[in-house]
Amino acid sequence: YLARAQDLSGGRVVIPVVKADAYGHGALDVARCLEEEGCRRQAVVTADEGAALRAAGLRAQILVLGGLGSAREASLAGEQRLTPVVHNPESLAWAKEAALPAAGVLPVHLEVDTGMRRMGSDPEQALALAQDIHAHPGLELDGTYTHFASADCPDLSASLEQVRIFRCFLGSLAGQNLSPGLVHAANSSALLAGQDLLEALP
């Protein structure tokens with residue numbers, strides 16, 4: 001699966017999502033297998049899922065897609081060196097809390113809502129969040145991404161519009177000399193959608 005995803009992506013970085021017990025396939029076994037195959041980044045939804053992988057010895061970066069929502073989750077993220085996603089000012093505040101026990105710079109990723117309407121910040125708010133992250137000495141903007149709402153539809157016009165909005169946001173970051181870190185967007189459906197979508201990606 002990893003080799004196929006890497007092939008479809010044209011050699012880009014692939015971040016496998018092993019949430020919900022790797023969709024019932026066994027998160028620990030799948031995560032270990034991916035790491036053995038050279039995968040350096042994996043993703044879960046909750047800090048608890050990430051902490052369980054760390055406890056099992058996983059060394060890869062673990063992205064927490066759901067972000068942080070409590071002091072307990074912030075503590076877990078800091079202690080276990082997880083990489084939380086920032087969606088809004090509240091999740092950013094918890095990421096700042098997580099940076100305290102991390103005893104160093106804690107990497108975070110920023111999700112920009114370009115049309116999914118589930119998680120992430122609209123581009124204007126996301127720009128303010130990026131500025132805040134860059135200004136905080138305990139945080140590093142390690143990645144910036146968006147999520148496609150309908151990449152599995154034959155008509156790719158909505159997905160291509162999301163790409164346009166995302167590119168504009170990245171341009172706003174560049175205009176303020178803010179690094180986005182790793183830029184990522186394509187879910188599995190986008191990888192299978194064909195070259196028209198993949199070639200439009202940043």
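How many disulfides does a search of the whole structure find? The search finds zero. The model shown in these views is predicted.

**View 1. Two cysteines, C33 and C168, are partly exposed.**
The closest cysteine sulfur to that of C33 belongs to C39. The two sulfurs are 10 Å apart, too far for a bond. A disulfide would need them within 2.5 Å. C33 has a relative accessible area of 42%, so C33 counts as partly exposed. C168 is also partly exposed, at 45% relative accessibility.

**View 2. Six strands form an open sheet with parallel pairing.**
The strand order is 1-2-3-4-5-6. Strand 1 (41-44) and strand 6 (182-184) are the edge strands, and each pairs on one side only. From one strand to the next, the twist averages 30°.

**View 3. Strand 1 pairs with strand 2 in the parallel sense.**
Strand 2 covers residues 61-64, and four bridges join strand 2 to strand 1. Q42 has I62 of strand 2 as its bridge partner. Helix 4 (residues 47-55) completes a β-α-β unit with strand 1 and strand 2. This unit is right-handed.

**View 4. T83 of strand 3 is buried.**
Strand 3 spans residues 83-86. The relative accessible area of T83 is 1%, under the 20% limit, so T83 counts as buried. Leaving aside residues up to four places away in sequence, T83 touches Q61, I62, L63 and V64. On the same basis, T83 also touches P107, V108 and H109.

**View 5. Helix 8 lies across strand 4, strand 5 and strand 6.**
Helix 8 takes in residues 157-175. Strand 4 is 106-111 and strand 5 is 139-145. The helix runs at about 155° to strand 5.

**View 6. The largest nonpolar core has 54 residues.**
L53, V86, L110, L139, F148 and F169 have the most contacts inside this core. L139 touches L92, A95, K96 and A99, not counting residues up to four places away in sequence. With that same exclusion, L139 also touches V105, L106, V108 and I133. A second, separate core has six residues. Among them are I15, A43, L63 and Y145.

How values were computed
Residues numbered from 1 in each chain as written. Predicted model: local features only at pLDDT ≥ 70, side-chain atom pairs only at ≥ 80, totals over all residues. Heavy atoms only, no water. Pairing = 2+ DSSP bridges. Helix = DSSP H or I, 4+ residues; strand = E, 2+ residues; numbered from the N terminus. Axes fitted to C-alpha atoms, helices over the stretch in contact; angles between N-to-C directions. Contact = heavy atoms within 4.5 Å. Right-handed = clockwise from strand over helix to strand, strands pointing away. Buried < 20%, exposed > 50% of the residue type's maximum accessible area, 1.4 Å probe, protein only. Core = buried A, V, L, I, M, F, W, Y, C linked by side-chain atoms within 4.5 Å.
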